[in-house]
Amino acid sequence: MECSLFGKPDQTKAHKLREVKKNCRFSEVYMESVTVNNSDTGFSVSFTVVPGFKIGKAVYQSLVYLSPAN
């Protein structure tokens, strides 16, 4: 899901809210796990705890709860 954040009309396109869908493959670039795992490989997203943001060129990672991939 991708939604625009509130802002000035000319800056709306630069602000994005990103929510990770259930069962997506975990990506360390865009996500941070709230669970304690020695290795994040072989895990998928159960649900989004805090959505990620993209403001201008800065990317703020989504916080996600992971479960073992099926």
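This report describes a small set of features in a predicted model: a three-stranded sheet, one aromatic pair and the surroundings of Thr35.

## The sheet

Strands S3, S7 and S4 form an open sheet, in the order S3-S7-S4, and the pairing within this sheet is mixed. S3 and S4 stand at the edges with a single partner strand each, so one side of each has no neighbour in the sheet. From one strand to the next, the twist averages 45 degrees.

In general, the strands of a sheet are paired through backbone hydrogen bonds, in a parallel or an antiparallel way. S4 and S7, the latter covering residues 62–68, pair in the antiparallel sense over six bridges, and Val50 stands opposite Leu63 in S7.

## The aromatic pair

The structure holds one aromatic pair. Its members are Phe47 and Tyr65, which are stacked, with 5.2 Å from centre to centre and 10 degrees between the planes. The pair links distant parts of the chain, since Phe47 lies in strand S4 and Tyr65 in strand S7, 18 residues apart.

Phe47 counts as partly exposed because its relative accessibility is 46%, and Tyr65 is also partly exposed, with a relative accessible area of 37%.

## The surroundings of Thr35

Thr35 is found in the loop between strand S3 (31–33) and strand S4 (43–50). Is this residue buried or exposed? Thr35 is buried, because its relative accessible area is 18%, and buried means under 20%.

The side chain of Thr35 makes a polar contact with the side chain of Ser33, at 2.7 Å. Leaving aside neighbours within four places in sequence, Thr35 is in contact with Leu66 and with Tyr65, the residue that also forms the stacked pair with Phe47.

Note on methods: Residues are numbered from 1 along each chain as its sequence is written. This is a predicted model: local features need pLDDT of at least 70, side-chain atom pairs count only at pLDDT 80 or more; totals for chains, interfaces and linings use all residues. Side-chain values use heavy atoms; hydrogens and water are left out. Helices (H or I, at least four residues) and strands (E, at least two) are DSSP runs, numbered from the N terminus. Buried means under 20% relative accessible area, exposed over 50%, partly exposed in between (1.4 Å probe, protein chains only). A polar contact is a pair of N or O atoms within 3.5 Å; within protein, one must be able to donate a hydrogen and the other to accept it, and residues adjacent in sequence count only if both atoms are side-chain atoms. Contact means heavy atoms within 4.5 Å. Two strands pair if DSSP finds at least two bridges between them. Axes are lines fitted to C-alpha atoms, for helices over the stretch in contact, and angles run from 0 to 180 degrees between N-to-C directions. Rings of Phe, Tyr and Trp (its six-membered ring) pair if their centres lie within 6.5 Å; planes under 30 degrees apart count as stacked, over 60 as edge-to-face and the rest as tilted.
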